[in-house]
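Thanks, everyone. Please have the sequence and the model open while I talk.

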Amino acid sequence: MREVGCPEEDLFSFLSSKRREDLGYRNILSSMCTPPHPVAARAHAMFLETNLGDPGLFPGTAALEDLLVRRLGTLMHLPDAGGYATSGGTESNIQAFRIAKKLKSAKFPNVVVPASSHFSFMKACDILGLEMRTVPLDAEFRMDTEAVDDLVDNNTVAIVGVVGTTEYGMVDPISRLSEIALDRDVFLHVDAAFGGMVVPFLDRPVPFDFSLPGVSSISVDPHKMGMSTIPAGCLLTRSPEWFACLNVDTPYLTVKRECTLAGTRPGASVAAAVAVLEYLGVDGMRAVVAGCMENARRLIEGMETLGYPRAVTPDVNVATFSCDCTPPGWRVSTTRNGHMRIVCMPHVTRDVVEQFLVDMSDIDA
Ligand code: 0PR
């Protein structure tokens, strides 16, 4: 540290110079995050110093966390779902596995996850000492459910299905997984970190949530398509009681037990997540999602006209192509199979898509 503090103006000019090194979202087509909705930013600023790790000191903020869980539970067809606000999909996935592992005693516990699952499950398995059994994908990058039955055994503590895969934007056959989970009596965790704020707002949503009796828990992230500030995730469980198995005693806090992974937890991004849901309502979210899906369709059509075929027709707003050139100034990502990947987040507007297509066509010229 400096011996003597820095004058405020100098400090902020230093911070501004660092901030200017960051990229603006306009040309970022590779991210599952997006600039927060204005009401999210406003709510975040109101709750800056709140700490959900000691909720008795911030009962108003804690009530907002309960409201977030109730709103998202209702969206997932279980208004009384258990849940809490996590720091994002990684924490939700780790905590879901912790619950699943505690609910079943297995000598050599394993989990059965699709090859498309997010790398957070690798972290979860490493931390929890779980064997990861990987299920191959079908030709459309969805989990091949035929293979699941063979991989499940008496030591399987959880099966995972993904709603909105990170790389290809696919929705796994959760109805079938629900049947398998019930049949084999295994915990089914649905990673809807991305798709949980997309699929419910589509014109023809496929069932993926607690409406399917075999679904045990769901990850859904307000800091992705929920346009909240970072960090805002949510883990929902069919039974609120399951969280008790994670409790540790916290004798000197305002609450005497804690089931969360983090201790100190931000209230600001939780208030921001609630703000977006309340402000937009289902109607507003439908409009946002319809726009993103339409932009993804337009992008796919435009790319195919330029001679870059889609890798697959996505279920959510992630478009992938056989294409290995990127126009200067744009950020796209590349999947492990080598496809160009573009996430049509709310900041990827129709104008942005058209400009990208113009720049793509210039590469050929
Ligand atoms: N589950 C799924 C299906 C995900 O796509 C992600 C992250 C996670 C879990 C983990 O969520 P957290 O990162 O909130 O813990 N998906 C994005 C990805 O890995 C996260 C991301 C967002 C990465 C913006 C880069 C970026 O610029 O691609």
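Start with S4 and S5. These two strands run parallel, joined by 5 bridges. Keep in mind that this is a predicted model. If you want one pair to click on, take Val162 and its bridge partner in S5, Asp191. How does the chain get from S4 to S5? It passes through H7, and this β-α-β crossover is right-handed.

Stay on S5. Is this strand buried or exposed? Buried: 5 of its 5 residues count as buried, so S5 is largely enclosed by the rest of the structure. Look at its two faces. One side carries Phe187, His189 and Asp191. The other carries Leu188 and Val190. Both faces are covered.

S5 also pairs with strand S6, residues 217-220. The pairing is parallel, over 3 bridges. Here the pair to click on is Val190 with Ile218 in S6. Remember that Asp191 is the bridge partner of Val162, while Val190 has its partner in S6.

Now the helix in that crossover. H7 spans residues 174-184. Which of its residues are buried? They are Ile174, Leu177, Ser178, Ile180 and Ala181. These residues sit on the same side of H7, because they cover an arc of only 165° around the axis. What covers them? The cover includes helix H6, residues 145-151. It also includes both strands of the crossover, S4 at 156-162 and S5 at 187-191. One backbone detail before we leave: just after H7, Asp185 has a positive phi, about 55°.

Next, another part of the chain. Please scroll to the open sheet of 3 strands. The order is S10-S12-S11, and the pairing is antiparallel. Which strands stand at the edges? Strand S10, residues 318-321, and strand S11, residues 333-334. Each has a single partner strand, so one side of each is left without a neighbour in the sheet.

S11 and S12 are joined by 2 bridges. S12 covers residues 340-343. For a pair to click on, Thr334 has Met340 in S12 as its bridge partner. And what packs on this sheet? Helix H8, residues 268-305, touching S10 and S12. The direction of H8 makes about 10° with that of S10.

To recap. S5 pairs in parallel with S4 and with S6, and it is largely enclosed. H7 has its buried residues on one side. The S10-S12-S11 sheet is antiparallel, with H8 packed on it. That's my tour. Over to you.

Notes. Residues are numbered from 1 along each chain as its sequence is written. This is a predicted model: local features need pLDDT of at least 70, side-chain atom pairs count only at pLDDT 80 or more; totals for chains, interfaces and linings use all residues. Side-chain values use heavy atoms; hydrogens and water are left out. Buried means under 20% relative accessible area, exposed over 50%, partly exposed in between (1.4 Å probe, protein chains only). Helices (H or I, at least four residues) and strands (E, at least two) are DSSP runs, numbered from the N terminus. The arc is that of the directions from the helix axis to the C-beta atoms. Contact means heavy atoms within 4.5 Å. Two strands pair if DSSP finds at least two bridges between them. Axes are lines fitted to C-alpha atoms, for helices over the stretch in contact, and angles run from 0 to 180 degrees between N-to-C directions. A crossover is right-handed if, with the strands pointing away from the viewer, the path from the first strand over the helix to the second runs clockwise.
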